[in-house]
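Hi,

Here is the structure I promised to pass on to you. Have a look at it first, and then read on for what I found.

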Amino acid sequence: MATTLITGGTVVSATGRSAADVLLDGETIAAVLAPGSTLLGHDLEASVDTVIDATGKYVIPGGIDAHTHMQLPFGGTSASDTFETGTRAAAWGGTTTIVDFAVQRAGERVQDGLAHWHELAAGNCAIDYGFHQIVGGVDADSLAALPGLIDEGISSFKMFMAYPGVFYADDAQILRAMQVAADTGLLTMMHAENGPVIDVLAEQLIEKGKTSPYFHGVARAWQMEEEATHRAIMLSNLTGAPLYVVHVSAKQAVEQLAWARDNGQNVFGETCPQYLYLSLEDQLGASSEEWGDFEGAKWVCSTPLRSKHEGHQHHMWQALRTNDIQMVSTDHCPFCMKDQKTLGQGDFRAIPNGIGSVEHRMDLMYQGVVTGQITLERWVELTSTTPARMFGMYGKKGVIAPGADADIVVYDPAGHTSIGVGKTHHMNMDHSAWEGYEIDGHVDTVISRGKVVVDEGAYIGAKGDGRFVKRGLSQYLV
Ligand code: URP
Ligand code: ZN
Ligand code: ZN
Ligand code: ZN
(Lines give C-alpha, C1' and ligand atoms only; values in the text may rest on other atoms or scores of the structure.)
(Ligands and ions follow the chains in the order given, each with its own letter.)
Protein backbone atom coordinates (compact mmCIF):
# COMPACT_ATOMS: atom_id res chain seq x y z
CA MET A 1 0.00 0.00 0.00
CA ALA A 2 1.34 3.45 -0.91
CA THR A 3 2.17 5.81 1.92
CA THR A 4 1.77 9.58 1.82
CA LEU A 5 2.86 12.30 4.24
CA ILE A 6 1.14 15.69 4.23
CA THR A 7 3.62 18.03 5.89
CA GLY A 8 3.75 21.58 7.17
CA GLY A 9 0.02 22.36 7.13
CA THR A 10 -2.50 23.42 9.73
CA VAL A 11 -4.87 20.54 10.42
CA VAL A 12 -8.36 21.92 11.06
CA SER A 13 -11.15 20.00 12.75
CA ALA A 14 -14.58 20.97 14.03
CA THR A 15 -13.04 21.65 17.43
CA GLY A 16 -9.66 23.20 16.78
CA ARG A 17 -6.60 23.65 14.65
CA SER A 18 -2.96 22.65 15.06
CA ALA A 19 0.27 22.40 13.11
CA ALA A 20 0.56 18.70 12.28
CA ASP A 21 1.74 16.21 9.70
CA VAL A 22 -0.71 13.58 8.48
CA LEU A 23 0.49 10.10 7.52
CA LEU A 24 -1.66 8.08 5.13
CA ASP A 25 -1.28 4.35 4.69
CA GLY A 26 -3.14 3.30 1.57
CA GLU A 27 -6.77 4.32 1.89
CA THR A 28 -6.57 5.13 5.61
CA ILE A 29 -5.19 7.83 7.88
CA ALA A 30 -2.42 6.15 9.91
CA ALA A 31 -1.32 8.98 12.20
CA VAL A 32 -1.57 12.68 12.96
CA LEU A 33 1.86 13.73 14.20
CA ALA A 34 3.66 16.74 15.61
CA PRO A 35 5.46 18.53 12.77
CA GLY A 36 8.72 16.83 11.81
CA SER A 37 8.05 13.70 13.90
CA THR A 38 9.94 10.50 13.24
CA LEU A 39 8.25 7.14 13.61
CA LEU A 40 10.30 4.51 15.47
CA GLY A 41 13.43 6.40 14.51
CA HIS A 42 12.55 6.60 10.81
CA ASP A 43 12.68 9.94 9.01
CA LEU A 44 9.18 9.93 7.66
CA GLU A 45 9.73 12.17 4.66
CA ALA A 46 12.44 9.80 3.44
CA SER A 47 10.38 6.66 4.12
CA VAL A 48 7.04 7.45 2.49
CA ASP A 49 6.18 7.10 -1.19
CA THR A 50 4.80 10.63 -1.58
CA VAL A 51 5.22 13.89 0.32
CA ILE A 52 2.66 16.65 -0.08
CA ASP A 53 3.88 20.03 1.10
CA ALA A 54 0.99 21.88 2.76
CA THR A 55 3.04 24.75 4.19
CA GLY A 56 0.81 27.78 4.73
CA LYS A 57 -2.31 25.76 3.93
CA TYR A 58 -5.22 24.19 5.75
CA VAL A 59 -5.53 20.42 5.86
CA ILE A 60 -9.21 19.57 6.31
CA PRO A 61 -11.42 16.48 6.14
CA GLY A 62 -12.92 16.15 2.65
CA GLY A 63 -16.24 17.91 2.13
CA ILE A 64 -19.46 15.91 2.48
CA ASP A 65 -22.39 17.17 0.44
CA ALA A 66 -25.38 15.34 1.90
CA HIS A 67 -27.96 16.60 -0.59
CA THR A 68 -27.45 16.06 -4.32
CA HIS A 69 -29.64 14.93 -7.21
CA MET A 70 -27.51 13.49 -10.00
CA GLN A 71 -29.62 12.46 -13.03
CA LEU A 72 -32.88 13.16 -11.18
CA PRO A 73 -35.87 12.90 -13.56
CA PHE A 74 -37.88 16.02 -12.75
CA GLY A 75 -40.13 18.48 -14.55
CA GLY A 76 -40.20 16.53 -17.82
CA THR A 77 -36.41 16.23 -18.07
CA SER A 78 -33.48 14.94 -16.00
CA ALA A 79 -30.84 16.76 -13.96
CA SER A 80 -27.96 17.35 -16.35
CA ASP A 81 -25.11 15.99 -14.21
CA THR A 82 -24.64 12.25 -14.32
CA PHE A 83 -23.02 10.50 -11.38
CA GLU A 84 -19.82 10.64 -13.44
CA THR A 85 -19.82 14.36 -14.28
CA GLY A 86 -21.34 15.51 -11.00
CA THR A 87 -19.01 13.62 -8.68
CA ARG A 88 -15.99 14.72 -10.72
CA ALA A 89 -17.08 18.34 -10.36
CA ALA A 90 -17.60 17.73 -6.64
CA ALA A 91 -14.02 16.43 -6.34
CA TRP A 92 -12.70 19.51 -8.09
CA GLY A 93 -14.37 21.58 -5.42
CA GLY A 94 -13.03 19.67 -2.41
CA THR A 95 -15.97 17.37 -1.78
CA THR A 96 -15.04 13.71 -1.31
CA THR A 97 -18.45 12.23 -0.42
CA ILE A 98 -21.96 12.93 -1.63
CA VAL A 99 -25.24 11.56 -0.37
CA ASP A 100 -27.69 11.47 -3.29
CA PHE A 101 -31.38 10.58 -3.26
CA ALA A 102 -32.66 7.28 -4.61
CA VAL A 103 -36.22 7.79 -5.84
CA GLN A 104 -39.37 5.74 -5.26
CA ARG A 105 -42.49 7.03 -6.97
CA ALA A 106 -46.14 6.25 -6.20
CA GLY A 107 -46.92 2.71 -7.31
CA GLU A 108 -43.26 1.69 -7.46
CA ARG A 109 -41.47 -0.57 -4.98
CA VAL A 110 -38.92 1.17 -2.73
CA GLN A 111 -36.49 -1.70 -3.37
CA ASP A 112 -36.76 -1.19 -7.15
CA GLY A 113 -36.20 2.56 -6.90
CA LEU A 114 -33.11 1.97 -4.78
CA ALA A 115 -31.79 -0.76 -7.10
CA HIS A 116 -32.14 1.62 -10.04
CA TRP A 117 -30.10 4.31 -8.26
CA HIS A 118 -27.37 1.76 -7.52
CA GLU A 119 -27.27 0.94 -11.24
CA LEU A 120 -26.91 4.62 -12.13
CA ALA A 121 -24.07 5.26 -9.70
CA ALA A 122 -22.07 2.02 -9.51
CA GLY A 123 -18.73 2.24 -11.31
CA ASN A 124 -19.31 5.83 -12.37
CA CYS A 125 -18.42 7.96 -9.37
CA ALA A 126 -15.21 9.89 -8.82
CA ILE A 127 -15.72 10.02 -5.06
CA ASP A 128 -17.57 7.98 -2.43
CA TYR A 129 -21.35 8.17 -2.40
CA GLY A 130 -24.29 7.16 -0.25
CA PHE A 131 -28.03 7.37 -0.69
CA HIS A 132 -31.03 8.69 1.15
CA GLN A 133 -34.35 7.24 -0.01
CA ILE A 134 -37.04 9.50 -1.45
CA VAL A 135 -40.45 8.07 -0.65
CA GLY A 136 -42.62 9.64 -3.35
CA GLY A 137 -45.54 7.35 -2.71
CA VAL A 138 -46.33 6.52 0.92
CA ASP A 139 -48.51 3.40 1.00
CA ALA A 140 -48.62 0.11 2.88
CA ASP A 141 -45.91 -1.41 0.66
CA SER A 142 -43.46 1.46 0.92
CA LEU A 143 -44.01 1.75 4.67
CA ALA A 144 -43.29 -1.96 5.06
CA ALA A 145 -40.08 -1.56 3.03
CA LEU A 146 -38.66 1.28 5.14
CA PRO A 147 -37.12 -0.75 8.02
CA GLY A 148 -35.21 -2.91 5.50
CA LEU A 149 -33.35 0.15 4.26
CA ILE A 150 -31.18 0.18 7.37
CA ASP A 151 -29.46 -3.09 6.40
CA GLU A 152 -28.86 -1.58 2.96
CA GLY A 153 -26.91 1.31 4.53
CA ILE A 154 -29.70 3.82 3.94
CA SER A 155 -30.55 5.37 7.30
CA SER A 156 -32.63 8.37 6.17
CA PHE A 157 -35.56 9.03 3.88
CA LYS A 158 -37.14 12.15 2.43
CA MET A 159 -40.77 13.10 2.05
CA PHE A 160 -42.31 16.12 0.34
CA MET A 161 -45.03 18.43 1.63
CA ALA A 162 -44.63 20.13 -1.78
CA TYR A 163 -45.07 19.05 -5.43
CA PRO A 164 -48.66 17.66 -5.45
CA GLY A 165 -49.02 14.97 -8.09
CA VAL A 166 -45.28 14.29 -8.13
CA PHE A 167 -43.69 13.43 -4.78
CA TYR A 168 -46.28 14.95 -2.43
CA ALA A 169 -47.23 13.25 0.84
CA ASP A 170 -50.24 14.43 2.86
CA ASP A 171 -50.23 14.74 6.64
CA ALA A 172 -51.75 11.29 7.18
CA GLN A 173 -49.05 9.69 5.03
CA ILE A 174 -46.33 11.64 6.82
CA LEU A 175 -47.73 10.58 10.18
CA ARG A 176 -47.57 6.90 9.23
CA ALA A 177 -44.03 7.17 7.86
CA MET A 178 -42.84 9.05 10.94
CA GLN A 179 -44.30 6.33 13.13
CA VAL A 180 -42.09 3.83 11.30
CA ALA A 181 -39.11 6.19 11.66
CA ALA A 182 -39.71 6.52 15.41
CA ASP A 183 -39.77 2.73 15.75
CA THR A 184 -36.67 2.04 13.67
CA GLY A 185 -34.23 4.95 14.13
CA LEU A 186 -34.50 6.07 10.50
CA LEU A 187 -34.08 9.84 10.14
CA THR A 188 -37.00 11.65 8.45
CA MET A 189 -35.95 14.37 5.99
CA MET A 190 -38.62 16.84 4.97
CA HIS A 191 -39.18 19.20 2.07
CA ALA A 192 -41.27 21.65 4.09
CA GLU A 193 -43.44 23.83 1.84
CA ASN A 194 -47.24 23.77 1.63
CA GLY A 195 -47.57 22.43 -1.93
CA PRO A 196 -51.37 22.63 -2.39
CA VAL A 197 -51.49 26.30 -1.35
CA ILE A 198 -48.46 27.16 -3.50
CA ASP A 199 -50.10 25.52 -6.52
CA VAL A 200 -53.20 27.72 -6.14
CA LEU A 201 -51.09 30.88 -5.77
CA ALA A 202 -49.07 29.91 -8.84
CA GLU A 203 -52.18 29.28 -10.90
CA GLN A 204 -53.61 32.68 -9.91
CA LEU A 205 -50.37 34.43 -10.91
CA ILE A 206 -50.34 32.70 -14.30
CA GLU A 207 -53.98 33.72 -14.87
CA LYS A 208 -52.90 37.34 -14.32
CA GLY A 209 -50.14 36.98 -16.93
CA LYS A 210 -47.37 36.88 -14.32
CA THR A 211 -45.44 34.10 -15.99
CA SER A 212 -41.74 34.96 -15.55
CA PRO A 213 -39.31 33.17 -13.17
CA TYR A 214 -39.60 35.97 -10.60
CA PHE A 215 -43.15 34.80 -9.83
CA HIS A 216 -41.88 31.33 -8.93
CA GLY A 217 -40.48 33.05 -5.85
CA VAL A 218 -43.65 35.04 -5.25
CA ALA A 219 -45.86 31.94 -5.39
CA ARG A 220 -43.66 29.97 -3.00
CA ALA A 221 -44.36 32.35 -0.12
CA TRP A 222 -42.24 32.17 3.04
CA GLN A 223 -45.46 31.83 5.06
CA MET A 224 -45.97 28.42 3.46
CA GLU A 225 -42.42 27.35 4.34
CA GLU A 226 -42.92 28.48 7.93
CA GLU A 227 -46.31 26.77 8.12
CA ALA A 228 -45.08 23.47 6.68
CA THR A 229 -41.98 23.52 8.90
CA HIS A 230 -44.21 23.98 11.94
CA ARG A 231 -46.53 21.18 10.82
CA ALA A 232 -43.59 18.82 10.30
CA ILE A 233 -42.26 19.76 13.74
CA MET A 234 -45.59 18.97 15.38
CA LEU A 235 -45.88 15.63 13.58
CA SER A 236 -42.33 14.89 14.74
CA ASN A 237 -43.30 15.88 18.28
CA LEU A 238 -46.38 13.66 18.18
CA THR A 239 -44.61 10.59 16.82
CA GLY A 240 -41.22 11.02 18.46
CA ALA A 241 -39.47 10.74 15.10
CA PRO A 242 -36.41 12.98 14.74
CA LEU A 243 -36.79 15.50 11.93
CA TYR A 244 -34.26 16.95 9.48
CA VAL A 245 -35.61 19.81 7.35
CA VAL A 246 -33.84 20.18 4.01
CA HIS A 247 -32.99 23.36 2.06
CA VAL A 248 -34.28 25.86 4.65
CA SER A 249 -34.51 29.33 3.07
CA ALA A 250 -36.91 31.48 5.15
CA LYS A 251 -35.87 33.09 8.43
CA GLN A 252 -39.31 32.23 9.82
CA ALA A 253 -38.65 28.54 9.15
CA VAL A 254 -35.35 28.87 11.05
CA GLU A 255 -37.29 30.40 13.94
CA GLN A 256 -39.56 27.36 13.98
CA LEU A 257 -36.56 25.03 14.10
CA ALA A 258 -34.99 27.07 16.91
CA TRP A 259 -38.27 27.00 18.85
CA ALA A 260 -38.55 23.22 18.49
CA ARG A 261 -34.93 22.72 19.55
CA ASP A 262 -35.44 24.97 22.56
CA ASN A 263 -38.36 22.71 23.48
CA GLY A 264 -35.94 19.79 23.44
CA GLN A 265 -37.01 18.20 20.18
CA ASN A 266 -34.60 16.36 17.91
CA VAL A 267 -35.13 18.74 15.01
CA PHE A 268 -32.37 19.74 12.61
CA GLY A 269 -32.00 21.88 9.52
CA GLU A 270 -29.72 22.35 6.57
CA THR A 271 -29.39 25.37 4.35
CA CYS A 272 -27.65 25.78 0.99
CA PRO A 273 -25.22 28.39 -0.38
CA GLN A 274 -27.92 29.90 -2.62
CA TYR A 275 -29.93 30.99 0.42
CA LEU A 276 -26.88 32.68 1.90
CA TYR A 277 -25.91 34.72 -1.16
CA LEU A 278 -28.68 34.98 -3.78
CA SER A 279 -32.08 36.72 -3.77
CA LEU A 280 -35.51 36.97 -5.34
CA GLU A 281 -34.78 40.42 -6.72
CA ASP A 282 -31.20 40.04 -7.98
CA GLN A 283 -31.41 36.53 -9.42
CA LEU A 284 -35.01 35.34 -9.98
CA GLY A 285 -35.83 38.89 -11.13
CA ALA A 286 -32.76 39.21 -13.36
CA SER A 287 -32.95 39.94 -17.07
CA SER A 288 -30.32 39.70 -19.81
CA GLU A 289 -29.92 40.48 -23.48
CA GLU A 290 -29.91 36.78 -24.28
CA TRP A 291 -32.90 35.67 -22.23
CA GLY A 292 -34.86 38.81 -21.30
CA ASP A 293 -36.69 38.31 -17.99
CA PHE A 294 -36.37 34.54 -18.48
CA GLU A 295 -32.76 34.95 -17.25
CA GLY A 296 -34.07 34.30 -13.74
CA ALA A 297 -34.84 30.68 -14.70
CA LYS A 298 -31.19 29.89 -13.92
CA TRP A 299 -32.07 30.29 -10.24
CA VAL A 300 -35.47 28.58 -10.07
CA CYS A 301 -35.26 26.12 -7.21
CA SER A 302 -37.50 25.09 -4.32
CA THR A 303 -37.56 26.33 -1.65
CA PRO A 304 -37.03 29.55 -3.62
CA LEU A 305 -34.56 32.39 -3.25
CA ARG A 306 -36.01 34.89 -0.77
CA SER A 307 -36.37 38.67 -0.87
CA LYS A 308 -33.23 40.57 0.01
CA HIS A 309 -35.37 43.10 1.86
CA GLU A 310 -36.65 40.67 4.50
CA GLY A 311 -33.43 39.72 6.30
CA HIS A 312 -33.39 36.02 5.39
CA GLN A 313 -29.72 35.85 4.40
CA HIS A 314 -28.53 37.67 7.49
CA HIS A 315 -30.65 35.41 9.70
CA MET A 316 -29.34 32.30 7.96
CA TRP A 317 -25.68 33.23 8.56
CA GLN A 318 -26.60 33.93 12.16
CA ALA A 319 -28.26 30.51 12.43
CA LEU A 320 -25.08 28.89 11.13
CA ARG A 321 -23.16 30.56 13.96
CA THR A 322 -25.67 29.75 16.70
CA ASN A 323 -26.31 26.16 15.54
CA ASP A 324 -30.00 26.78 14.85
CA ILE A 325 -28.97 25.39 11.45
CA GLN A 326 -26.51 22.51 11.68
CA MET A 327 -25.11 21.99 8.21
CA VAL A 328 -24.79 23.17 4.62
CA SER A 329 -25.52 21.01 1.59
CA THR A 330 -26.07 22.14 -2.00
CA ASP A 331 -29.31 20.49 -3.15
CA HIS A 332 -27.30 20.19 -6.38
CA CYS A 333 -29.90 19.66 -9.11
CA PRO A 334 -28.58 21.21 -12.32
CA PHE A 335 -30.52 21.91 -15.50
CA CYS A 336 -29.21 23.62 -18.62
CA MET A 337 -30.99 26.67 -19.97
CA LYS A 338 -31.10 25.21 -23.48
CA ASP A 339 -33.79 22.52 -23.82
CA GLN A 340 -34.32 22.22 -20.05
CA LYS A 341 -35.07 25.47 -18.18
CA THR A 342 -36.68 26.73 -21.43
CA LEU A 343 -39.46 24.19 -20.95
CA GLY A 344 -40.92 26.89 -18.70
CA GLN A 345 -40.74 29.86 -21.06
CA GLY A 346 -44.15 31.47 -20.74
CA ASP A 347 -45.06 29.57 -17.55
CA PHE A 348 -42.71 29.51 -14.56
CA ARG A 349 -44.47 26.39 -13.24
CA ALA A 350 -42.85 24.32 -16.00
CA ILE A 351 -39.26 25.42 -15.29
CA PRO A 352 -37.37 22.40 -13.90
CA ASN A 353 -36.47 23.21 -10.29
CA GLY A 354 -32.83 23.21 -9.30
CA ILE A 355 -29.45 24.94 -9.07
CA GLY A 356 -26.01 23.37 -9.54
CA SER A 357 -23.48 24.13 -6.80
CA VAL A 358 -21.76 20.86 -5.91
CA GLU A 359 -18.41 22.18 -7.16
CA HIS A 360 -18.51 25.45 -5.25
CA ARG A 361 -19.87 24.65 -1.78
CA MET A 362 -16.53 24.45 0.03
CA ASP A 363 -15.32 27.70 -1.56
CA LEU A 364 -18.59 29.56 -1.04
CA MET A 365 -18.74 28.56 2.60
CA TYR A 366 -15.08 29.46 3.09
CA GLN A 367 -16.11 33.01 2.19
CA GLY A 368 -18.01 33.00 5.48
CA VAL A 369 -14.64 32.55 7.20
CA VAL A 370 -13.07 35.31 5.11
CA THR A 371 -15.87 37.75 5.97
CA GLY A 372 -15.87 36.78 9.65
CA GLN A 373 -19.32 35.20 9.71
CA ILE A 374 -18.11 31.76 10.82
CA THR A 375 -14.88 30.37 12.23
CA LEU A 376 -12.53 28.10 10.36
CA GLU A 377 -13.56 25.24 12.64
CA ARG A 378 -17.27 25.92 12.04
CA TRP A 379 -16.59 25.80 8.28
CA VAL A 380 -15.25 22.26 8.69
CA GLU A 381 -18.11 21.33 11.01
CA LEU A 382 -20.86 22.61 8.68
CA THR A 383 -19.44 21.10 5.51
CA SER A 384 -17.93 17.81 6.68
CA THR A 385 -18.06 16.78 10.34
CA THR A 386 -21.76 17.35 11.02
CA PRO A 387 -22.89 15.81 7.70
CA ALA A 388 -20.86 12.72 8.67
CA ARG A 389 -22.38 12.56 12.16
CA MET A 390 -25.91 13.43 11.05
CA PHE A 391 -25.95 10.67 8.47
CA GLY A 392 -24.04 7.88 10.19
CA MET A 393 -20.60 8.06 8.58
CA TYR A 394 -18.53 9.69 11.32
CA GLY A 395 -15.26 8.02 12.22
CA LYS A 396 -14.64 6.93 8.64
CA LYS A 397 -15.66 10.30 7.21
CA GLY A 398 -15.72 13.87 8.53
CA VAL A 399 -12.55 13.72 10.60
CA ILE A 400 -8.77 13.57 10.29
CA ALA A 401 -7.85 10.88 12.80
CA PRO A 402 -6.14 7.47 12.75
CA GLY A 403 -8.42 4.86 11.22
CA ALA A 404 -10.51 7.32 9.22
CA ASP A 405 -10.71 7.14 5.46
CA ALA A 406 -7.96 9.25 3.93
CA ASP A 407 -10.38 11.83 2.48
CA ILE A 408 -8.46 15.07 2.76
CA VAL A 409 -8.39 18.51 1.14
CA VAL A 410 -5.40 20.83 1.16
CA TYR A 411 -6.95 24.29 1.02
CA ASP A 412 -4.90 27.38 0.24
CA PRO A 413 -6.21 30.49 2.04
CA ALA A 414 -3.85 32.67 0.00
CA GLY A 415 -5.11 31.22 -3.28
CA HIS A 416 -7.91 32.58 -5.41
CA THR A 417 -10.74 31.00 -7.38
CA SER A 418 -12.66 32.84 -10.09
CA ILE A 419 -16.02 31.43 -11.10
CA GLY A 420 -15.83 33.10 -14.45
CA VAL A 421 -18.40 34.06 -16.99
CA GLY A 422 -18.97 31.19 -19.40
CA LYS A 423 -18.00 27.62 -18.69
CA THR A 424 -15.12 27.78 -16.21
CA HIS A 425 -16.69 25.15 -13.99
CA HIS A 426 -16.80 21.38 -14.45
CA MET A 427 -20.49 20.68 -13.81
CA ASN A 428 -22.48 19.59 -16.86
CA MET A 429 -24.37 22.87 -17.21
CA ASP A 430 -24.43 25.54 -19.89
CA HIS A 431 -24.42 28.32 -17.30
CA SER A 432 -23.52 28.80 -13.67
CA ALA A 433 -25.62 30.16 -10.84
CA TRP A 434 -22.35 31.54 -9.47
CA GLU A 435 -20.95 33.32 -12.52
CA GLY A 436 -18.67 36.19 -11.54
CA TYR A 437 -18.10 35.06 -7.95
CA GLU A 438 -14.54 35.66 -6.80
CA ILE A 439 -13.37 33.33 -4.04
CA ASP A 440 -10.54 34.15 -1.62
CA GLY A 441 -9.22 30.62 -1.26
CA HIS A 442 -8.38 27.67 -3.42
CA VAL A 443 -8.77 23.90 -3.36
CA ASP A 444 -5.21 22.74 -4.07
CA THR A 445 -5.15 19.00 -3.49
CA VAL A 446 -8.00 16.55 -3.03
CA ILE A 447 -7.33 13.07 -1.70
CA SER A 448 -10.09 10.48 -1.86
CA ARG A 449 -9.42 7.34 0.20
CA GLY A 450 -5.67 7.88 -0.12
CA LYS A 451 -5.61 8.61 -3.84
CA VAL A 452 -4.84 12.12 -5.07
CA VAL A 453 -7.72 12.90 -7.42
CA VAL A 454 -7.20 16.64 -7.85
CA ASP A 455 -3.75 18.20 -7.94
CA GLU A 456 -3.47 21.98 -8.45
CA GLY A 457 -6.48 22.26 -10.71
CA ALA A 458 -5.84 19.03 -12.62
CA TYR A 459 -8.19 16.09 -12.18
CA ILE A 460 -6.15 12.89 -12.06
CA GLY A 461 -8.73 10.46 -10.68
CA ALA A 462 -10.81 8.00 -12.65
CA LYS A 463 -14.42 7.04 -13.08
CA GLY A 464 -15.24 4.31 -10.60
CA ASP A 465 -12.81 5.48 -7.87
CA GLY A 466 -15.83 6.23 -5.70
CA ARG A 467 -17.49 3.47 -3.67
CA PHE A 468 -20.92 3.14 -2.11
CA VAL A 469 -20.88 4.09 1.57
CA LYS A 470 -23.12 1.94 3.76
CA ARG A 471 -24.23 4.40 6.38
CA GLY A 472 -25.24 3.62 9.96
CA LEU A 473 -27.94 5.32 12.00
CA SER A 474 -27.46 9.02 12.74
CA GLN A 475 -24.71 9.69 15.28
CA TYR A 476 -26.18 13.10 16.01
CA LEU A 477 -28.91 11.49 18.10
CA VAL A 478 -28.58 9.83 21.50
O1 URP B 1 -35.32 22.85 -6.60
C2 URP B 1 -35.01 21.80 -6.10
N3 URP B 1 -34.76 21.78 -4.81
N4 URP B 1 -34.91 20.67 -6.84
C5 URP B 1 -34.62 19.39 -6.37
C6 URP B 1 -35.77 18.69 -5.71
C7 URP B 1 -35.90 19.05 -4.26
O8 URP B 1 -36.98 19.47 -3.87
O9 URP B 1 -34.95 18.90 -3.49
ZN1 ZN C 1 -36.78 19.30 -1.74
ZN1 ZN D 1 -33.24 18.31 -3.12
ZN1 ZN E 1 -3.56 26.93 -5.20
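The shell around ligand 1 divides into 6 polar residues, 2 nonpolar and 1 charged. Its members are His69, His191, His247, Cys301, Ser302, Asp331, Cys333, Asn353 and Gly354. Please keep in mind that this is a predicted model.

Next, the domains. The assignment gives domain 2 as residues 63-390, while domain 1 is put together from 3-60, 396-414 and 440-459. Their centres, taken over C-alpha atoms, are 32 Å apart. In the contact, domain 1 takes part with 22 residues and domain 2 with 26. On the domain 1 side, the elements giving two or more residues are β20 (408-418), β21 (438-448) and β22 (451-455). Of these, β21 gives the most, with 5 residues. That side of domain 1 divides into 11 nonpolar, 6 polar and 5 charged residues.

You will meet those strands again in a sheet. Seven strands form this open sheet, in the order β3-β2-β9-β20-β21-β22-β23, with mixed pairing. The edges are β3 (17-19) and β23 (458-459); each has a single partner strand, so one side of each is left without a neighbour in the sheet. Further in, β20 and β21 run antiparallel and are joined by 8 bridges. Val409, for example, has Val446 in β21 as its bridge partner. Helix α14 (residues 376-390) packs on the sheet, where it touches β2 (10-12), β3 and β9 (58-61). The direction of α14 makes about 30° with that of β9.

Enjoy exploring it!

Best wishes

Key: Residues are numbered from 1 along each chain as its sequence is written. Chains are lettered from A and ligands numbered from 1 in the order in which they are written. This is a predicted model: local features need pLDDT of at least 70, side-chain atom pairs count only at pLDDT 80 or more; totals for chains, interfaces and linings use all residues. A residue is near a molecule or strand if its C-beta atom, placed from the backbone, lies within 6 Å of it. Ala, Val, Leu, Ile, Met, Phe, Trp, Tyr, Cys and Pro count as nonpolar, Asp, Glu, Lys and Arg as charged, and the others, Gly among them, as polar. Domain bounds come from an automatic or database domain assignment. Two residues are in contact if their C-beta atoms, placed from the backbone, lie within 7 Å. Helices (H or I, at least four residues) and strands (E, at least two) are DSSP runs, numbered from the N terminus. Two strands pair if DSSP finds at least two bridges between them. Axes are lines fitted to C-alpha atoms, for helices over the stretch in contact, and angles run from 0 to 180 degrees between N-to-C directions.
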